[in-house]
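Me: I would like to go through this structure slowly, with a few questions about its rings and its surface. Could you show it to me before we begin?

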Amino acid sequence: MRTEAVRAIGFWEDVFIHFDDIEWGVRAMRAGWRNYATTASVVVHPEFDPEKAGPWICYFDARNQYWLASKYGRLHVLCARLKNLLKDIRARLLRHHPERIVYRALAWRDYRAGVRRTRGEAIRTVEEENI
């Protein structure tokens with residue numbers, strides 16, 4: 001991101017872990033800045049293993065999808081909600097990570113209430129409420 005673009009649109013919002021970068025890029029494009037990619041760049045990133053991340057990561061996947069979608073209207077929020085409900089159905093039918101369902105449920109509840117939690121708060125809430 002060019003320095004001039006950051007000065008014009010600001011830095012990304014303080015949203016933990018997912019979708020903050022996407023929102024920032026979309027905001028830059030809407031302000032008239034262009035995003036470019038190059039195949040000559042090399043990025044070294046540790047390999048991500050969702051099995052090691054734990055089910056809590058689904059809270060941020062869902063919560064921040066709703067946050068980003070809400071910037072563009074109800075239809076976008078509805079699509080994000082539908083996507084997460086389909087993930088829940090898949091988890092139930094295939095018995096594939098059903099423990100993630102409670103985190104997506106908390107994400108929806110928090111989105112509607114305007115609550116943003118830290119990882120520890122999300123984990124604690126799920127454990128305490130036994131959602």
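What follows is a short set of questions and answers about this predicted model.

Me: How do the rings of Trp56 and Phe60 pair, given that their planes are at 80 degrees?

Reply: The structure holds eight aromatic pairs, and the rings of Trp56 and Phe60, with their centres 6.0 Å apart, form one of them. Planes over 60 degrees apart count as edge-to-face. Because the planes of Trp56 and Phe60 are at 80 degrees, the pair is edge-to-face.

Me: Which residue lies over the face of Trp56?

Reply: Trp56 is buried, as is Phe60. At 4.9 Å from the ring centre of Trp56, the residue that lies over the face is Arg119.

Me: Is Tyr66 buried or exposed?

Reply: The rings of Tyr66 and Tyr111 have their centres 5.5 Å apart and their planes at 40 degrees, so this pair is tilted. The pair links distant parts of the chain, since Tyr66 is in helix 4 (residues 57–70) and Tyr111 is in helix 6 (residues 101–113), 45 residues apart. Tyr111 is partly exposed, with a relative accessible area of 22%. Buried means under 20% relative accessible area, and Tyr66, with a value of 0%, is therefore buried.

Me: What is the relative accessible area of Ile89?

Reply: Ile89 is found in helix 5 (residues 74–94), and together with Leu82, Leu86, Leu93 and Leu94 it makes a nonpolar surface patch of about 530 Å². Ile89 is partly exposed, and its relative accessible area is 45%.

Methods
Residues are numbered from 1 along each chain as its sequence is written. This is a predicted model: local features need pLDDT of at least 70, side-chain atom pairs count only at pLDDT 80 or more; totals for chains, interfaces and linings use all residues. Side-chain values use heavy atoms; hydrogens and water are left out. Patches are made of residues with over 30% relative accessible area and no salt bridge: like charges are joined within 9 Å, nonpolar side chains (Val, Leu, Ile, Met, Phe, Trp, Tyr) within 5 Å. Accessible areas come from the Shrake-Rupley method with a 1.4 Å probe; for residues, only the protein chains shown count as cover. A salt bridge is a side-chain nitrogen of Lys or Arg within 4 Å of a carboxyl oxygen of Asp or Glu. Helices (H or I, at least four residues) and strands (E, at least two) are DSSP runs, numbered from the N terminus. Buried means under 20% relative accessible area, exposed over 50%, partly exposed in between (1.4 Å probe, protein chains only). Rings of Phe, Tyr and Trp (its six-membered ring) pair if their centres lie within 6.5 Å; planes under 30 degrees apart count as stacked, over 60 as edge-to-face and the rest as tilted. A charge sits over a ring if NZ of Lys or CZ of Arg is within 6 Å of the ring centre and within 35 degrees of the ring normal.
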